[in-house]
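Subject: Structure for you to look at

Dear colleague,

I am passing on the structure we spoke of. Please open the sequence and coordinates below before reading the rest.

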Amino acid sequence: MSELETFRAEIRAWIEANCPEEMRRPVQGEDDICWGGRNFVFKSAAQKQWMEVCAAKGYTVPDWPKPYGGAGMSPQEAKVWREELARAGARPPLSSFGIWMLGPALLKFGTEEQKVLYLNQIARGEIRWCQGYSEPGSGSDLVSLQTYGEDKGDHWVVNGQKIWTSYADKADWIFCLVRTDKTNVYQGISFLLFDMTTPGVTTKPIKLISGNSPFCETFFDNVVVPKHQIVGQLNRGWDVAKYLLGHEREMISGAGGGEQTSTIGKVLTRNGLDDPMLRAELAQFDIDALAFAACGEKFLDEIKVGKAHPAKPNMMKYAGTELNKRRHELLMAAGGSTALEWESEETRGGAPARSWLRTKANSIEGGTSEVMLNVVAKRILELPGA
Amino acid sequence: MPLYHTEDQAMLAESVTGFMADEGGIKKQLRHWRDTNCKDGFGHALWKQFAEMGLTGMLAAEADGGLSMGHVEAGIVLAEIGRNLTPSPFLTTSVMGVTALNEASDDLRGRWLPGIIAGETVLAMAIDEGAKHKPEKIACRAEKAGNGFRLTGAKDFVIHGTSADAIIVAARTSGSDSDADGVTLFAVPKDAAGIGHNAVRLVDSSIASHVRFDGVELDGSSVIGEVDGGRAVLSKVLSAGRIGAAAEQTGVAGGAFAMTTGYLKTRKQFGKLIGEFQALQHRAAHLYSELEIAEAVVIKAQQLLDGGSERAELMVSVAKAKAARACNLAVREGVQMHGGVGMTDEYDIGLYMKRERALTEFMGDANYHAERVAQLSGY
């Protein structure tokens with residue numbers, strides 16, 4: 001048996017022995033996800049236990065180095081870990097913006113002290129992070145952001161407003177883009193970290209068309225941020241932001257799941273439908289979904305050995321989000337009028353309709369589809385004037 | 001297994017890319033044979049060169065003088081064939097034909113493989129009966145006669161049928177037309193009495209034949225695999241042909257796309273390079289995305305097929321359908337973005353459109369494979 005196969009056998013046995021039965025059932029909704037954090041209320045003892053046993057082994061962030069709370073797995077081993085989780089039907093022990101977004105940025109740009117402190121907190125699910133990027137006047141044109149940090153010697157005083165801050169009302173800390181030089185557009189932004197309980201920080205949830213409020217407006221009124229809470233160099237936060245956006249786009253594209261085999265065509269027989277036109281559409285969709293899953297797998301394989309084009313996440317984000325919107329259009333069509341029910345028990349509180357509406361944001365958040373296509377045209381196809 | 005080429009495969013790709021661009025280019029091969037009205041539609045000298053490169057026997061076993069390679073390697077060759085629109089019998093002979101022969105007796109392998117490996121022998125596959133691919137139904141019959149069989153019926157759109165030294169025929173030896181069992185594969189030599197051809201030139205300048213078998217006498221040694229149990233072999237041959245055609249389509253799409261983005265960077269209108277217009281940039285970027293996805297699922301299906309995975313059949317159909325749709329988009333956008341010159345015979349982009357159309361029909365179009373995906377997924 002190869003080393004990797006021995007490793008796979010060990011992981012399989014470990015999951016078998018340690019993953020509670022309840023954590024092997026499919027995630028039904030938002031409240032089944034384990035986000036961690038100071039104020040997180042675990043849905044069950046099993047959810048807490050699963051997160052803790054994984055964190056103790058470094059499995060919440062398997063490919064991070066051990067000193068930072070990870071398990072130090074190689075890319076191939078981390079792939080095995082994901083495959084074995086999927087095989088057992090086990091839920092991710094911990095999900096967070098800290099893992100997907102801030103963590104990779106800290107690993108690349110953070111100081112040793114920052115890495116030891118923040119990465120361990122993320123790995124153990126102790127601190128829940130939110131992202132302060134967009135502003136009311138700075139959406140697709142993010143670099144025009146106005147939130148300003150005034151230099152006061154050993155600290156900045158931050159004033160301004162962020163919008164579309166995911167879960168700001170539930171987060172413990174924020175990673176935030178703040179203008180620290182008004183004379184330079186790109187090289188006048190810094191990447192700051194601060195506690196959401198700092199005086200002057202307030203949040204206000206935004207109600208969406210889905211009826212849910214995953215996003216907030218976030219206001220900063222003379223918020224004091226110590227100088228050591230900067231990631232990367234002063235005024236070079238845009239470099240960190242771009243790097244992190246790459247990870248965000250990867251995440252939204254759904255490329256992170258390893259080999260995916262799920263198709264949605266069976267909803268036809270499950271719902272007892274005899275509709276040849278819908279069946280044809282579902283088959284076309286399943287072809288695109290299975291092909292995209294292969295593309296996601298290839299993309300991850302290529303990233304690990306440095307073969308992927310640095311702008312490829314933009315293409316993955318575009319294709320993945322457009323596909324997901326189509327998936328939910330078809331699920332609504334297959335659900336018929338039942339899928340319109342907004343509060344019924346049968347629909348688990350209107351889950352199909354709310355999910356369908358939520359997916360419309362996929363091709364807007366983290367860079368719109370149109371911006372993704374602009375980036376592909378410019379950086380990959382190298383078209384003129386793009 | 002990671003979804004990119006191993007070092008050995010990358011080396012193969014490098015040498016094949018150079019070879020096909022130099023020797024298999026559009027002017028040297030496709031246009032030449034088309035404009036000289038060649039009866040074969042391809043050059044035998046190039047087929048010999050394929051052999052010298054070691055390509056003709058790549059799927060044959062080492063014990064038979066081949067290289068024991070797989071569909072990933074064959075796909076590397078086919079992608080370059082597609083990129084250069086190189087006419088050759090590689091797909092029907094070295095991919096589908098050899099896949100069939102790998103299941104055949106020592107006698108049959110000994111009779112046909114050495115010629116194939118030497119680049120002297122060409123095979124054709126007689127599967128389709130009618131204008132659409134539908135191998136679930138086989139009406140062409142081989143009745144038992146003495147120690148052998150008597151073959152009667154018709155096969156349509158047999159690519160390279162008139163050039164082939166042997167035609168591999170899927171015929172019914174028992175049961176009714178749509179039965180799964182009762183199919184047998186035969187290797188029929190070209191000089192067998194009772195074979196009639198009606199050769200037709202197709203839109204892509206390839207030559208296909210409507211073949212009639214009028215009581216062709218075959219002895220038992222021409223059977224490939226089991227009598228009445230030919231579906232197992234046929235299914236391997238179909239998968240080989242489908243993933244091969246899909247790989248070729250990614251090459252056709254890649255060639256058309258490179259030509260088109262090149263044009264966007266040189267053609268000026270309204271005082272600007274047309275590639276500066278966002279309307280075209282977004283369409284080009286979308287097309288790029290579709291091509292990347294198609295390439296990924298093709299290599300995925302190749303690996304699953306080589307690994308004998310139970311998901312291979314499903315993913316081969318996914319790959320054939322996805323490659324067809326992506327390639328179709330590439331050639332349509334290619335002609336449109338070239339504007340008026342895209343409609344001329346002088347420019348090559350139209351040749352890509354013609355080849356795409358022929359490859360799409362070959363071994364099942366996107367709708368055929370969508371139906372298969374639905375069935376294999378249980379709906």
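The notes below go through the chains, the domains and the cores.

Please keep in mind that this is a predicted model.

Chain B

Chain B has 11 helices and 10 strands. Its radius of gyration is 21 Å, close to the 21 Å that the globule rule gives for 379 residues, so chain B is as compact as a globular protein of that length. Along the principal axes, the C-alpha atoms of chain B fill a box of roughly 80 × 50 × 40 Å. Buried residues make up 55% of the 379 in chain B. Taking the contacts in chain B with a separation of 6 or more, 74% are between residues 24 or more positions apart.

Domains of chain B

The domain assignment splits chain B into domain 1 (7–122), domain 2 (125–228) and domain 3 (232–376). The centres of domain 1 and domain 3 of chain B, taken over C-alpha atoms, are 21 Å apart. Where these two domains of chain B meet, 21 residues of domain 1 are in contact with 26 residues of domain 3.

Which elements give two or more residues to the side of domain 1 of chain B that touches domain 3? They are α4 (71–84) and α5 (90–101) of chain B. The largest share, 11 residues, comes from α4(B). By residue type, this side of domain 1 of chain B divides into 12 nonpolar, 6 polar and 3 charged residues.

Domains of chain A

For chain A, the assignment gives domain 1 (3–95), domain 2 (129–237) and domain 3 (254–380). Between the centres of domain 1 and domain 2 of chain A, again over C-alpha atoms, the separation is 31 Å.

Nonpolar cores

In soluble globular proteins, nonpolar side chains tend to be buried together. Here the largest nonpolar core holds 157 residues. The members that touch the most others in this core are A:Ala291, B:Phe186, B:Val297, B:Ala301 and B:Val318.

What does B:Phe186 touch, leaving out residues up to four places away in sequence? The list is B:Ala142, B:Leu151, B:Val169, B:Ala171, B:Leu218, B:Ser222, B:Val223 and B:Ile224. Apart from the largest core lies another, of 67 residues, and A:Ile99, A:Val158, A:Leu177 and A:Val223 are among them.

Regards

Terms used. Residues are numbered from 1 along each chain as its sequence is written. Chains are lettered from A and ligands numbered from 1 in the order in which they are written. This is a predicted model: local features need pLDDT of at least 70, side-chain atom pairs count only at pLDDT 80 or more; totals for chains, interfaces and linings use all residues. Helices (H or I, at least four residues) and strands (E, at least two) are DSSP runs, numbered from the N terminus. The radius of gyration is taken over C-alpha atoms; the globule rule is 2.2 Å times the number of residues to the power 0.38. A residue is buried if 20 or more other C-beta atoms lie within 10 Å of its own, exposed if 12 or fewer, and partly exposed in between; C-beta atoms are placed from the backbone. Two residues are in contact if their C-beta atoms, placed from the backbone, lie within 7 Å. Domain bounds come from an automatic or database domain assignment. Ala, Val, Leu, Ile, Met, Phe, Trp, Tyr, Cys and Pro count as nonpolar, Asp, Glu, Lys and Arg as charged, and the others, Gly among them, as polar. A nonpolar core is a set of buried Ala, Val, Leu, Ile, Met, Phe, Trp, Tyr and Cys residues joined through C-beta atoms within 7 Å.
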